[in-house]
Amino acid sequence: MKSVDRPRIDTLMESERATFRRRHAQSGQLAADAKRSLLFGVPMNWMTRWPGDHAVYVDRAAGARFRDVDGNEFIDFCLGDTGGMAGHAPPVAVEAIANQARKGITLMLPTADAAWVGGELARRFGVPYWQFTLSATDANRCAIRWAREITGRPKILVHNWCYHGTVDETVATLENGRTVARKGNIGKPVPLDQTTRVVEFNDLAGLEAALKDRAVAACLFEPALTNIGIVLPDPGYHAAARALCTKYGTLLIIDETHTISAGPGGCTKAWGLDPDFVTIGKTLGAGIASGAYGMTGRVRELVYERTDARNADVGGIGGTLAGNALSLAAMRATLGEVMTDKAFEGMIALGERFEAGVRGVIDSRGLPWHVVRLGCRVEYLFRPDAARNGDEAAAGQDELLDPYIHLYLLNRGILMTPFHNMALMSPATTAEDVDRHTEVFGEMADELFQS
Ligand SMILES: Cc1ncc(COP(=O)(O)O)c(C=O)c1O
């Protein structure tokens, strides 16, 4: 198998940077201006992590494409890291959003859309009772609070190298078998081992050891890890994890925010999972802030038993704008008419095409990489075989290659999700979009592995 000539990457990167500067003069000017009023010069701190000298400024986006302020056109496989998975500005959702905006945006009162969306989420994920939030982070926070309240237990258990948003308890990793704050964790309220236990994905013995003393209120799991490459479960992993949760009285929260890529009801439906709570956000409202968490009938009973209705507004589960009319109209239109069961068939077929294209490049050139797919989400990783857990996947990240590949693709009109090599198919993505990625990915590999 070939190996990368690492010193060569620096030279290649310099040339890509020069191309980036040539193509992004307007963006460069806006980025320079933004430094006067924005912390780090960006609206959100992680935007500093895009490759190139600065983030690209967007002029407009439609479907699976966007144009930047310099007039460059892009095929978008990042899709707002799932926020834009429905495709940018899908016309039926935009119309519903505009209509609702004209009729009122937020009232502290429900609209008829709320129960429709609850029913649709119940149909998709199989858990019947739902509440709304404005983000997946908040959906996770709410589910965690209920789990603690129900069980009277303090701790939350997550997978090593998980990401569930900015939920305090989840920003943790394993270090020599100990739960510690994840590198970069900003202003942690308490040492992480006070609130959290971390186990490797696919490690049932580790999971049982961590649940045994019955201190864990909830396991918060993605069905497959999607934030450190894609790591798929071993056969039987989820059924065994469910059984362990039941055995030790721990509630199981399945976070489908990214894994909805597996199908209209995420992995929960596609793999027949049996969670106590399902959480989701990002894509539900075509990018309008929206999130939701659902629960089984048994959990609902336990929630009702513990509800202090008099203090429902100050009990730590809230959000003035949560469940607002605009968010619900966006969710109804997106789920009802854009991210439909039928649309998923096409998106997943494109995911297969993307995977086959990348695999073809890897195999034909003998590259020491591999590709993994979860429905319409595809990821390539810099190790020859699939990772079985977060640590193995983390070892397949490459701080030189990763930005190089992102910048190479960006300079040729292809946007991949930053921080790892993830591509997502929307209902608007086409076979030509996918084939263009395969072509450019092949050219990049030839350049990189030139002897
Ligand atoms: C699995 C998962 N859950 C939750 C979140 C948090 O989403 P948000 O930042 O929109 O709250 C993310 C974000 O990447 C995620 O990947």
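Here are a few exercises on this predicted model, each with a worked solution.

Ground rules: this is a predicted model, where local features need pLDDT of at least 70, side-chain atom pairs count only at pLDDT 80 or more, and totals for chains, interfaces and linings use all residues. Residues are numbered from 1 along each chain as its sequence is written, and side-chain values use heavy atoms, with hydrogens and water left out.

**Exercise 1. Work out the strand order of the seven-stranded sheet, then find its edges and a helix that packs on it.**

Step 1: Get the terms straight. Helices (H or I, at least four residues) and strands (E, at least two) are DSSP runs numbered from the N terminus, and two strands pair if DSSP finds at least two bridges between them.

Step 2: Follow the pairing across. The sheet is open and reads β4-β12-β11-β10-β9-β5-β8, with mixed pairing.

Step 3: Look for strands that pair on one side only. Those are the edge strands, β4 (129-133) and β8 (196-199).

Step 4: Check the twist. Ignoring direction, neighbouring strands of this sheet are turned by 20° against each other on average. Axes here are lines fitted to C-alpha atoms, for helices over the stretch in contact, and angles run from 0 to 180 degrees between N-to-C directions.

Step 5: Zoom in on one edge. β4 pairs with β12 (residues 291-295) in the antiparallel sense over five bridges, and Tyr129 sits opposite Met295 in β12.

Step 6: Add the helix. α9 (residues 297-305) packs on the sheet and touches β4, β10 (251-255), β11 (277-280) and β12, where contact means heavy atoms within 4.5 Å. The direction of α9 makes about 95° with that of β12.

**Exercise 2. Do the same for the three-stranded sheet.**

Step 1: The order is β13-β14-β16, an open sheet with antiparallel pairing.

Step 2: β13 (370-374) and β16 (421-424) are the edge strands, each pairing on one side only.

Step 3: β14 (residues 377-381) is joined to β16 by four bridges, and Glu379 stands opposite Met422 in β16.

Step 4: Helix α11 (residues 341-365) packs on this sheet, touching β13, β14 and β16, and its direction makes about 175° with that of β13.

**Exercise 3. Describe the hairpin made by β6 and β7.**

Step 1: β6 (residues 172-175) and β7 (residues 178-181) run antiparallel and share four bridges. Ala172 has Ala181 in β7 as its bridge partner.

Step 2: Two residues lie between the strands, and Asn176 in the turn has a positive phi of about 50°.

**Exercise 4. Which residues come nearest to the ligand, and what polar contacts can you find there?**

Step 1: There are 13 residues around the ligand, and Thr137, Asn227, Asp255, His258 and Lys282 come nearest. A residue is near if one of its heavy atoms lies within 4 Å.

Step 2: List polar contacts (a pair of N or O atoms within 3.5 Å):
- Asn227: a polar side-chain atom lies 2.9 Å from a ligand oxygen atom.
- Asp255: a side-chain N or O atom is 2.6 Å from a ligand nitrogen atom.
- His258: a polar side-chain atom lies 3.2 Å from a ligand oxygen atom.

Step 3: Taken alone the ligand exposes 390 Å², and the protein buries 84% of that (Shrake-Rupley method, 1.4 Å probe).

Step 4: Helix α5 (residues 136-151) gives the most to the shell, with three residues.

Conventions. Polar contact = N/O pair within 3.5 Å; in protein donor to acceptor, adjacent residues only side chain to side chain.
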